[in-house]
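Please look at the sequence and the fold side by side, and take your time over where the helices sit. The paragraphs below then lead you from one part to the next.

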Amino acid sequence: MNNLNTTIDKVAMSEFDMHYYQLGDNEKQWCHDEMINNKKWLAPFWKQEGYQSETDKLCEELGIFNYKTNKQ
């Protein structure tokens, strides 16, 4: 089973329009180098200060402030 929700797979899809596991060794090495050397991949939007996910925004609008720690 291949994890298709990884940064390196996103690099592969962006650059080669293929999943990482489908690439040859040279393309995989290129993706690895791109991922560790390009700030685009090192600091994606969801890791930026102040980023709120859609779930966070919705819960805030509904007044649900502790949904991440809410235990049942």
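What follows is a walk through helices, buried charges, a salt bridge and a surface patch.

The model is a predicted one, in which local features need pLDDT of at least 70 and side-chain atom pairs count only at pLDDT 80 or more, while totals for chains, interfaces and linings use all residues. Residues are numbered from 1 along each chain as its sequence is written, and side-chain values use heavy atoms, with hydrogens and water left out.

We begin with helix 1, which spans residues 7-16; helices here are DSSP runs of H or I with at least four residues, numbered from the N terminus. Its buried residues are Ile8, Asp9, Val11 and Ala12, where buried means under 20% relative accessible area, exposed means over 50%, and partly exposed lies in between, using a 1.4 Å probe and protein chains only. Seen down the helix axis, these buried residues fall within an arc of 155°, so they line one face of helix 1; the arc is that of the directions from the helix axis to the C-beta atoms. Their cover includes helix 2 and helix 3 (39-42). Just after helix 1, Asp17 takes a positive phi of about 55°.

Two buried residues carry a charge, under a count that takes Lys and Arg as positive and Asp and Glu as negative and leaves out His and the chain ends. Asp9 has no salt bridge, and its nearest side chain of opposite charge, Lys10, is 8.2 Å away; a salt bridge requires a side-chain nitrogen of Lys or Arg within 4 Å of a carboxyl oxygen of Asp or Glu. Setting aside residues up to four places away in sequence, Asp9 touches Asn3, Leu4, His19 and Tyr20, contact being heavy atoms within 4.5 Å. Glu34, in helix 2 (residues 25-37), likewise has no salt bridge, with Lys40 as the nearest side chain of opposite charge at 6.1 Å.

Where, then, is a salt bridge found? Side chains of opposite charge can pair when their charged atoms come close. A search of the whole structure finds one salt bridge, and Lys57 forms a salt bridge with Glu54, their closest N and O atoms being 3.6 Å apart. Both residues lie in helix 4 (residues 54-62), three residues apart, which is about one turn of the helix. Lys57 is partly exposed at 34% relative accessible area, whereas Glu54 counts as exposed at 61%.

Finally, Phe16 of helix 1 is partly exposed, because its relative accessibility is 31%.

Key
Helix = DSSP H or I, 4+ residues; strand = E, 2+ residues; numbered from the N terminus.
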